[in-house]
Amino acid sequence: MQIDDRKMQVLLNIVETYINTGEPVGSKCVANMLDNKVSPATVRNDMAGLFDMGLLEQPHTSAGRMPSHLGYRTYVDNLMQTEELSDKDICRFDALFNIRNPDPDKLLQDAASIIAGITNCAAFSSTNTPRSVKVKKIEILAAGRTTVIMILMASSGVIKNKVCRVDFEVTEQILKFFKAFCNSVLVGKSIKDISDSFLNSVAISLGEYSRVFTPLISGISELCKEIADGQYYVAGLNNLLAYDELSPMAYELFGLLNRKKDMQEIIDSCHGEAELMIGKENKRMELTAASVFVKKYHIGDHSSGAVGIVSPMRVDYSKIIPYLDYFSDRLSKLLSDVYEE
């Protein structure tokens, strides 16, 4: 699609004005922004051309124009000047990550809340578990006479724990035996390969002790499944109620954002490190009036999940994109440090 420089400038002014005001933009307003180098009549012709190309929309016959999803896409790809984070923004983000002994799951949950608060949009964070993620270590601690705490650490840095009740009195010797057994059998094995059938075979190998240790083996099964399924957190849904353009689909949109499986499918469909889907570029009907930003984060060399934002199409892309980029990079570093420790 070839667009001459003047039409590009007209589109730039319409998009940025509409983002700031939420009101359709008229030709006279655009002409003023161009320092009256062209007349309102010429601008009207340019706007009509942009409308015919599908880059602008006209909500009412007598109204000005507003960007379509194609107009926003052209703006983001060709016209937008990304803003650098200010020192104040950087200090604010860094302060949020100044956490001693962070829990990875709590950190991801907090990440969604923090991003939602800064952007005034809905935000989400998720973990994914590739087959390369393995059991790193298993700890078993006494928590009572017949209660133990099981802790499973994965190579991705994820740590899960579970309280289990047993039918025998917990002793140091029993804990030492079962811990050594579990680590010898499970450490180094892919989380996704630890199925119920595999653990049944592990239980059988315990012989006469298999029935005694069944609750603990079941606990390990649940921890592995929890890690394999990944986590998903969403925050800031009420922020979206402030945007009138999202109101008609608010019920459906909220439902989608609360469904982990559906949102994970959207995240998994993003093949690059970062992706922005604007309006009708989204395959889900619930998102056709929204923009979805997804940025993947890493733990070490592994892509371990994503953070993202759901906003109206009328959003300041020049700020949102660097916010999410910086936040994801800091999250990757902190989680990698936790993993190394």
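L152 is buried, with a relative accessible area of just 1%. Keep in mind that this is a predicted model. Below is a quick tour of that residue, a buried serine, three helix packings and the aromatic pairs.

**L152 and its surroundings**

- L152 is found in strand β5, which covers residues 147-154.
- What does L152 touch, leaving out residues up to four places away in sequence? The list is K137, I138, V158, I159, K160, I191, I220, L223, C224 and I227.
- One of those partners, I220, turns up again further down, where α7 meets α9.
- Set against G117, L152 is 35 residues away in sequence, and the C-alpha to C-alpha distance is 32 Å.

**S68, a buried loop residue**

- S68 sits in the loop between β2 (66-67) and α4.
- Is S68 buried or exposed? Its relative accessible area is 4%, so S68 counts as buried, the cut-off being under 20%.
- Not counting residues up to four places away in sequence, S68 touches G54, L55, L56 and E57.

**Helix α1 against helix α3**

- Two packed helices are described by the angle between their axes and the distance between the axes.
- For helix α1 (residues 5-21) and helix α3 (residues 40-52), the axes come within 10 Å and cross at roughly 85°.
- That angle makes α1 roughly perpendicular to α3, because 65 to 115 degrees is the range for that label.
- On the α1 side, the contact is made by R6, K7, V10, L11 and I14, while α3 brings in T42, V43, D46, M47, G49 and L50.
- Sorted by class, this contact of α1 with α3 has six nonpolar, two polar and three charged residues.

**Helix α7 and its two partners**

- Helix α7 (residues 172-186) packs with helix α8 (residues 196-205) at an angle of about 135°, and their axes are 12 Å apart.
- That makes α7 oblique to α8.
- The crossing of α7 past α8 is right-handed.
- F181, V185 and L186 of α7 make this contact with F198, L199, V202 and S205 of α8.
- The class count for α7 with α8 is six nonpolar, one polar and no charged residues.
- With helix α9 (residues 214-229), α7 packs at an angle of about 40°, again with axes 12 Å apart.
- α7 and α9 are therefore oblique to each other, and their crossing is right-handed.
- Which residues meet here? F178, C182 and L186 in α7 meet L216, I217 and I220 in α9.
- By class, the contact of α7 with α9 has six nonpolar residues, with no polar and no charged ones.
- L186 of α7 shows up in the contact with α8 and also in the one with α9.

**Aromatic pairs**

- How many aromatic pairs does a search of the whole structure find? The search turns up seven.
- Take Y72 and Y317: their ring centres are 5.8 Å apart and their planes are at 50°, so the pair is tilted.
- Y72 lies in helix α4 (residues 69-79) and Y317 in helix α12 (residues 317-340), so the pair ties together parts that are 245 residues apart in sequence.
- Both of these tyrosines, Y72 and Y317, are buried.
- Elsewhere, F168, F177, F178, F181 and F213 form one aromatic cluster.
- Two members of that cluster also appear in the helix packings: F181 in the contact of α7 with α8, and F178 in the contact of α7 with α9.

How values were computed:
Residues are numbered from 1 along each chain as its sequence is written. This is a predicted model: local features need pLDDT of at least 70, side-chain atom pairs count only at pLDDT 80 or more; totals for chains, interfaces and linings use all residues. Side-chain values use heavy atoms; hydrogens and water are left out. Axes are lines fitted to C-alpha atoms, for helices over the stretch in contact, and angles run from 0 to 180 degrees between N-to-C directions. Helices (H or I, at least four residues) and strands (E, at least two) are DSSP runs, numbered from the N terminus. Angles under 35 degrees count as roughly parallel, over 145 as roughly antiparallel, 65 to 115 as roughly perpendicular and the rest as oblique. Contact means heavy atoms within 4.5 Å. Ala, Val, Leu, Ile, Met, Phe, Trp, Tyr, Cys and Pro count as nonpolar, Asp, Glu, Lys and Arg as charged, and the others, Gly among them, as polar. A crossing is left-handed if the near helix is turned anticlockwise from the far one by less than a right angle, and right-handed if clockwise. Rings of Phe, Tyr and Trp (its six-membered ring) pair if their centres lie within 6.5 Å; planes under 30 degrees apart count as stacked, over 60 as edge-to-face and the rest as tilted. Buried means under 20% relative accessible area, exposed over 50%, partly exposed in between (1.4 Å probe, protein chains only).
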